[in-house]
Structures are given as C-alpha cells and as structure tokens.
Amino acid sequence: MKGSDTTGLGIRLTLVALATLGCLLAGGCESLRPFNNQLAAGYEAARTVREGTLSMLRAREITPGQAQAVQDKTDRLRGSLDLAARVHEADPGEASGVLSRALSAIDQVSRCTAVERPDLAACVDRVEVPR
Amino acid sequence: MKIQDAIPLLVLVLNNAARFSAAIGAAAAEGREELSDEEVRRFRSGDDLARVGLQAEIDDQSRP
C-alpha cells in the first residue's frame, strides 16, 4: 500500500472511531438520556481524547506542545463536567445545558486531533469552554 | 496518519465505548436505566489516570 493510501485509510478509520464517539457524545443513543449516563460519557470521552493524544504523541504524530494544548483544554472541559455535576441537584436545567455544551466541546477537541493536525493547537484553542 | 498509528487509535476508542456500554448494560441488568453516582466517579477516576499518563509523556518528551 502506498503512503497516501495508508494515510487516507488511517483518516477514514479515525473518522469511524469519531463517529462512534459522536454517537455517545451527541446523545443520540437512547441509553444516554439520564443525566448521570451523559456525565459518565463525558468523562469517558475526555479520557479517550487524552489516551488518543498520548498514542499520537508516542507515535511522534504530534509535538509535546500540541499535546499540552489538548491536555489543557481537556482539563478545562473536565472542569465543566464537574461544574454540571455540582449544580445538578440545585438546578437540573442549568446542569444539563452546561453538560450538553461540554460534551459538544469535547467532541470538537477530538475532531481537532483527527483532522487539524498542523494547526492542532489553534483548533483546540478555538473550542469554547462552557461555564 | 499512518495505518499503523490509526488502528491502535480505533481500538482505543472502541474499547472505551465498549467499557461505557458494559456499564450501561450492567445497570440495566439490575433494573436501572441510570448509572449511580459511584459508577460515574469510576469513569471520572479513569480520566484522572489518563491525565497523569499523558502529562508524564509530555514532560518526558519535553526534556532537552
């Protein structure tokens, strides 16, 4: 297989993986409707972003600086998940809103790592952190 | 991305999705449609561990 073929296949495989993650993140799966299920999906998605970034860093596909940008943004989004968990009992509506926006933002970060490799840090920087 | 790098990434995502699905399935088997707070904390702890691993590799590769 030529280099360009393997690159294309690699991107397609990554997109399949992201589609799977997207199903979890978008709340399209019926089992994700309860708040705690969405919250757990968010933590799992954050973990997936970090582990995927680690894999790419070890493969020298990205630089330590790019990996740090992903790590820092994921930390902030993880803070949004924690915020949603804290306010859920007092204000379920607000908590669901924060959680939904955080899930969407984590999805954006994961897409940055897949398709915006040269501008990864800038792409991640554009992702807004829900408050 | 090279194929040899993409496949581990795919496996990683599918494994993580499977872990989540297994937790949902286990809760459903007990007649619950929502994960407990303790189960959510376990997912949170998984992210904690992933964070530590990534930071260690970043720091390692950042050394001159």
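**Reading chain B and the disulfide of chain A**

The accessible surface of chain B comes to about 3700 Å², and 56% of this area belongs to carbon and sulfur atoms. The structure discussed here is a predicted model.

Me: Which secondary structure elements does chain B have, and how many of each?

Reply: Chain B has 2 helices and 0 strands. Its radius of gyration is 16 Å, well over the 11 Å that the globule rule gives for 64 residues, so chain B is more spread out than a compact globule. The box filled by its C-alpha atoms, taken along the principal axes, is roughly 55 × 25 × 10 Å.

Me: How many of the residues of chain B count as buried?

Reply: A residue is called buried when its relative accessible area is under 20%. Of the 64 residues of chain B, 41% count as buried.

Me: How far apart are the mean positions of the positive and negative charges of chain B?

Reply: Chain B carries 8 positive and 12 negative charges, and the mean positions of these two groups are 3 Å apart.

Me: How many aromatic pairs does the structure hold over all chains, and which residues form an aromatic pair?

Reply: Two rings pair if their centres lie within 6.5 Å, and planes over 60 degrees apart count as edge-to-face. Over all chains, the structure holds 1 aromatic pair. F20(B) and F43(B) form an edge-to-face pair, with 5.8 Å from centre to centre and 65 degrees between the planes.

Me: Why does this pair tie together parts that are apart in sequence?

Reply: F20(B) lies in helix α1 (residues 3-29) of chain B, whereas F43(B) lies in helix α2 (residues 37-62) of chain B, so the pair ties together parts that are 23 residues apart in sequence.

Me: Are F20(B) and F43(B) buried or exposed?

Reply: Both F20(B) and F43(B) are buried.

Me: What is the count of disulfides over all chains, and which residues does a disulfide join?

Reply: A pair of cysteine sulfur atoms within 2.5 Å is taken as a disulfide. By this rule the count over all chains is 1. The disulfide joins C112(A) to C123(A), with an S to S distance of 2.0 Å. The pair links distant parts of the chain: C112(A) is in helix α4 (residues 92-115) of chain A and C123(A) is in helix α5 (residues 120-125) of chain A, 11 residues apart.

Me: Is this disulfide left-handed or right-handed?

Reply: The torsion about the S-S bond of C112(A) and C123(A) is about -75 degrees, so the disulfide is left-handed.

Me: Is C112(A) buried or exposed, and is C123(A) buried or exposed?

Reply: C112(A) is buried, with a relative accessible area of 2%. C123(A) is buried, with a relative accessible area of 10%.

Conventions
Residues are numbered from 1 along each chain as its sequence is written. Chains are lettered from A and ligands numbered from 1 in the order in which they are written. This is a predicted model: local features need pLDDT of at least 70, side-chain atom pairs count only at pLDDT 80 or more; totals for chains, interfaces and linings use all residues. Side-chain values use heavy atoms; hydrogens and water are left out. Helices (H or I, at least four residues) and strands (E, at least two) are DSSP runs, numbered from the N terminus. The radius of gyration is taken over C-alpha atoms; the globule rule is 2.2 Å times the number of residues to the power 0.38. Buried means under 20% relative accessible area, exposed over 50%, partly exposed in between (1.4 Å probe, protein chains only). Accessible areas come from the Shrake-Rupley method with a 1.4 Å probe; for residues, only the protein chains shown count as cover. Lys and Arg count as positive and Asp and Glu as negative; His and the chain ends are not counted. The place of a charge is taken as NZ of Lys, CZ of Arg, CG of Asp or CD of Glu. Rings of Phe, Tyr and Trp (its six-membered ring) pair if their centres lie within 6.5 Å; planes under 30 degrees apart count as stacked, over 60 as edge-to-face and the rest as tilted.
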